[in-house]
Every structure is written in C-alpha cells, then in structure tokens.
Amino acid sequence: MTELLLFLAAAIRISVPYALAALGASINERGGVINIALEGMMLQGALAYTLGAFWTGDPWAGLFEDETFDPTPYAGAYVRYFVRHPTTQLMPRKVKTAFDGTGEQDRSITGIHDIAFISREKDGVKGFEVRVGGGTSIMPRVAPTLYDFVEADNGDYLKVSEAVFRIFDRQDWLRVNRARARIKVLVDKIGADAFRDLLDEELQGDWVEEREFGPELVERLRFDDDEEENAPEAPAAPVSPNGDRSQFDRFLQGNVQPQRQEGFASVEVKIERGDLTPEQFRGLAAIMREFTGGYARSTVQQNLVLRWVRDEALYEVWQRLGELGLAEAGAREITDVVSCPGTDSCKLGITSSMGLNRAIKERLEEMEISDELTRKIHIKMSGCPNGCSQHHIANIGFYGASLKIGDRQMPAYIPHIGGNFEGGEVIFGKRLKSRLPAKRVPEAVERWVRLYEAQRNDGEEFNAYAERTGAETFEAEVKDLTLPAEFSLETMQQFIDWNRSSPYKVERGEGECAI
C-alpha cells in the first residue's frame with residue numbers, strides 16, 4: 001500500500017496535503033517514486049504527536065474568483081518551518097492544521113481543526129485570521145477566532161503558531177489522558193480570551209528574539225509553483241460527443257466547475273468510499289500527465305480534483321475516467337457517501353462503516369433521486385464515536401455502536417441530524433435518542449429522505465426542515481426500527497455486520513484516531 005501511495009503522490013502529484021511538494025517532491029513529472037527519493041521526499045511528521053506534514057486545504061485554491069488570496073505558498077512555509085521543529089516533536093497530541101483562502105466558503109472546514117488560517121487582506125497587506133481549538137469526536141468544538149488579522153509576509157503567522165504550540169507542549173496535565181490531550185480541551189477549559197492572553201504573554205518571551213522571523217524567512221521557506229505555466233496545451237484534435245450526450249451533460253453539471261482562468265476547468269472525480277485500485281491509480285496518473293499538467297488535489301469528501309483541464313478536453317477526460325470506472329456523476333451529492341475505514345482496518349473501529357457506506361449508496365441509487373434539493377444532502381458514517389468521517393457535520397450522520405441482546409451483540413449506529421460544513425459555517429448535528437441496528441440503517445435513511453420530500457416547504461433545504469420539525473420527528477419515523485430483534489434463524493443476519501460473514505462481536509485495541 002505504501003508503494004501505491006508513493007506512486008500516486010509521485011506520478012500525479014496530489015497536492016493536498018500540499019506538503020508533498022513543500023517537503024521536496026518534484027513539481028514536474030520526472031520519474032515517479034525514484035525521483036521523489038532523490039529530491040528529498042520524506043514522511044517526517046506523518047505520525048505520532050507532531051505537527052503533521054499533512055494538512056487540509058481548499059482543493060480549488062487559486063482557481064476561483066471568491067478567494068482573497070491563495071494560501072498555498074504560506075502553507076508550504078508553515079510545513080517547512082515546523083516539521084522536525086524541536087517544539088513540535090512530542091506534543092501532548094497531534095495537531096491538525098487547515099489553510100483556506102475563502103472565509104465565506106471555507107472549503108477547508110477550518111472550524112474543526114486544532115489551528116487554522118483564513119486568508120485576509122488589510123490595507124493591501126496579506127494576512128490570516130487565526131482560529132485555534134476546533135475538533136470533532138466525543139467533544140466536538142468549533143474553533144474560535146483568536147486573531148482577526150495576523151500578517152503573513154513578515155512571518156507573524158509563524159510566530160503566533162509557534163507560541164500556540166509552545167503553550168500546548170507545556171500542558172503536561174493533558175498528557176495523562178490521550179483521549180483528551182488536544183488543544184481544544186485546553187481552549188475549552190480556560191476560554192478563548194484566557195488562551196489569547198497566554199498567547200500575548202508568550203509572544204513577549206525571549207525565544208522570539210532567538211528566532212529569525214521576518215520577510216526573509218517566509219521568502220526562503222514559501223512554496224511557489226506557477227501551475228498555469230505548467231498547464232497543458234489545448235488538444236490538437238479535441239474529441240466531442242457524438243449522439244446521446246445526456247450522461248456527459250450530467251457529469252458536467254455535477255462534477256465540473258469552470259476556473260477563473262479562461263479555457264480551463266476543474267474536474268472532481270467521485271471515488272466510492274475513497275477506495276482506488278492499483279489499476280485506477282495508474283490510470284489516473286496517465287490522465288493527469290496528459291490532461292492536467294500533473295495537478296490534482298484530494299478533498300475531504302474522499303474525492304480527487306483534477307485541475308487545469310482544458311475545456312476542449314473535458315469529453316475525452318470523461319471517457320478515460322469511464323474506462324477506469326470513475327466517471328460517475330454527482331460529486332458531493334447525496335450518493336457521494338463518506339465513511340471512515342471502520343473495522344476494515346482501524347483498531348478502534350466498532351462497526352463496518354465501509355460496509356454500511358456501500359449499503360446506503362445502493363439504497364439511494366435504487367431510490368433514483370432526481371430532486372435537486374434532496375441531492376444536496378450529505379451522508380457520513382464513522383465506525384466509532386471518534387468521528388474520522390466527520391459524521392458530526394453531515395446532514396445525516398452516524399457513528400458505530402453496539403446493542404446487547406441476551407448473550408449476543410448486534411452492530412448498531414447512533415444518528416445525528418442537521419450538521420453542516422458548507423458556506424463558511426460549521427454546525428454539529430443533533431444526536432438523536434435512537435440506536436439503530438446496522439442492517440436497518442439504509443431503511444432509516446430512505447424514510448428520512450422521503451419524509452423530508454413529503455413535508456418540506458417550498459424551497460426548504462434539509463437542515464431548515466430538520467430545525468423546523470425537530471429531532472422528535474426523525475426519532476418517531478424510525479422508532480420501530482430501533483426495537484432490537486431476538487436472535488433466531490429469521491433475524492440472524494441482523495447479528496452479522498455489513499460485509500461480514502461471522503457473528504458480530506466488539507473487538508477494539510490501541511490505535512490513533514480523530515479525538
């Protein structure tokens with residue numbers, strides 16, 4: 001698997017995490033994995049309690065008009081400065097970072113990160129709004145804004161970041177319980193104002209003078225790449241649709257967005273459950289060498305955004321994706337279901353969230369949903385309460401649990417309703433007083449979707465409907481589904497998790513997660 005990931009990073013240069021390039025990966029296509037090793041690519045900061053070399057960013061950074069400025073170069077400097085930095089080598093817990101160029105859209109979902117930076121301008125000077133203390137899991141919190149504006153080019157954003165990490169690193173009381181050893185716990189305990197006071201005091205310390213913060217540092221560390229200069233030429237003989245083009249038009253409507261750069265578009269590849277085969281990896285690499293100049297970025301929806309596709313090449317790209325089984329329309333729509341690995345690979349998993357993902361997607365496809373408002377619904381599920389699928393911020397979210405029935409166990413899920421991560425606002429969904437057996441969850445989803453379609457007001461979106469009708473409406477609609485069945489030959493399948501063949505049993509071990 002490592003070889004496949006390295007192949008993907010080298011051959012098609014996924015740049016979210018942008019750190020793949022910021023840490024030394026080649027910007028131009030020159031030989032794959034071997035070249036990455038030669039140019040100093042490393043995995044430092046990928047694991048343990050460090051500031052990870054991997055961070056969240058807007059997959060469309062630099063491509064849309066709604067951006068204040070592209071934060072990618074400054075994110076590169078941030079990674080280069082803090083990876084292998086003494087302060088960030090063994091903190092109480094890992095730190096998750098986000099950079100976003102559009103506060104109004106916030107496609108990086110900055111509110112659920114430990115530390116986040118949103119591009120701002122003040123009197124023509126570039127800077128960042130700084131947020132600290134967000135996260136999901138069993139203690140979901142939206143990161144408060146600590147500073148409305150911190151200058152970028154003079155290195156102040158790096159200085160403030162280091163002050164945050166120095167304070168966090170000294171909190172030995174957080175190290176006692178790994179489940180609570182996050183920055184959000186500290187911010188929540190003392191409050192945002194008190195934490196800001198700690199930061200202001202820390203920034204007066206002698207360590208600041210020992211550093212070399214300033215324009216020279218940022219200029220030396222920043223990651224600059226002129227993607228437009230490397231963009232592909234227009235195809236000499238573009239391929240165009242011949243005959244029925246309805247499927248292609250649906251793909252254009254659901255997966256393609258025009259860039260602000262005239263003649264180019266971005267294509268979002270819908271990747272079911274975030275899974276790609278080796279053949280699909282290689283096929284994507286070939287498409288990207290030929291049609292994108294080698295640029296792609298991953299998304300929090302487990303999809304892949306192909307950047308810098310010529311408008312004239314869209315039909316051929318769609319055809320090539322179709323050959324790989326990756327031309328499905330509806331990226332970020334209701335059938336684009338997101339899940340964590342669950343018990344497929346995670347030691348902390350309680351249920352098979354990947355299996356439920358497939359089951360829900362199949363049910364939704366059987367429903368043949370064409371309503372535009374219904375298509376906007378986002379569904380996510382995690383295999384445990386830790387929230388790696390970000391189920392808290394889905395319109396309909398689930399996390400794995402279990403039911404005890406006599407001396408047997410049954411896989412189950414706790415639903416959340418009304419979460420949001422779009423339009424610059426993070427809202428955590430309301431947890432329902434329901435515990436659904438895993439095999440009944442697809443039925444619950446269908447009931448809720450049809451209830452919404454039948455009862456909503458004109459133009460009313462799902463979250464507005466959920467707010468108006470209340471959690472009790474959703475609980476009542478599935479009350480009969482929550483009643484556990486006694487074990488028998490007729491009900492045996494309910495005691496077996498999705499994609500499994502043996503009776504369900506909770507088995508958890510030590511592991512890392514998104515607490």
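**Exercise 1. Locate I271 and describe its surroundings.**

Solution. Step 1: I271 sits in the loop between β7 (264-269) and α12 (278-291). Helices (H or I, at least four residues) and strands (E, at least two) are DSSP runs, numbered from the N terminus. This is a predicted model, in which local features need pLDDT of at least 70 and side-chain atom pairs count only at pLDDT 80 or more, while totals for chains, interfaces and linings use all residues. Residues are numbered from 1 along each chain as its sequence is written, and side-chain values use heavy atoms, with hydrogens and water left out.

Step 2: The relative accessibility of I271 is 5%, so I271 counts as buried. Buried means under 20% relative accessible area, exposed over 50%, and partly exposed in between (1.4 Å probe, protein chains only).

Step 3: Leaving aside neighbours within four places in sequence, I271 is in contact with L276, Q302, N303 and L304. Contact means heavy atoms within 4.5 Å.

Step 4: I271 and V337 are 66 residues apart along the chain, and their C-alpha atoms are separated by 9.7 Å.

**Exercise 2. Describe the phi values and settings of Q302 and W308.**

Solution. Step 1: Most residues other than glycine have a negative phi. Q302 has a positive phi, near 70°, and W308 has a positive phi, near 65°.

Step 2: Q302 belongs to the loop between β8 (296-298) and β9 (304-310). W308 is found in strand β9.

Step 3: Q302 is partly exposed, with a relative accessible area of 24%. W308 is buried, with a relative accessible area of 3%.

**Exercise 3. Work out the order of the 5 strands in the open sheet and what packs on the sheet.**

Solution. Step 1: The order is β1-β2-β3-β4-β5, with mixed pairing. Two strands pair if DSSP finds at least two bridges between them.

Step 2: β1 (56-57) and β5 (145-151) stand at the edges; each has a single partner strand, so one side of each is left without a neighbour in the sheet.

Step 3: Strand β3 (residues 115-122) and strand β4 (residues 125-132) run antiparallel and are joined by 8 bridges. The bridge partner of I118 is E129, in β4.

Step 4: α5 packs on the sheet, touching β2 (97-100), β3, β4 and β5, and its direction makes about 145° with that of β5. Helix α8 (residues 192-202) also packs on the sheet, where it touches β4 and β5; its direction makes about 35° with that of β5. Axes are lines fitted to C-alpha atoms, for helices over the stretch in contact, and angles run from 0 to 180 degrees between N-to-C directions.

**Exercise 4. Identify the residues that touch the most other members of the largest nonpolar core.**

Solution. Step 1: A nonpolar core is a set of buried Ala, Val, Leu, Ile, Met, Phe, Trp, Tyr and Cys residues joined through side-chain atoms within 4.5 Å. The largest one has 47 residues, of which Y78, V132, Y157, L158, F165 and F195 touch the most other members.

Step 2: Helix α5 (residues 156-169) gives the most to this core, with 8 residues.

Step 3: Apart from this core lies another, of 34 residues, including M381 and V478.

**Exercise 5. Find how the axes of α16 and α17 are placed.**

Solution. Step 1: The axes of helix α16 (residues 441-455) and helix α17 (residues 462-469) come within 11 Å and cross at roughly 85°.

Step 2: α16 and α17 are therefore roughly perpendicular to each other, a label for angles of 65 to 115 degrees.

Step 3: L451, Y452 and Q455 of α16 meet F462, Y465 and R468 of α17.

How values were computed: Parallel < 35°, antiparallel > 145°, perpendicular 65-115°, else oblique.
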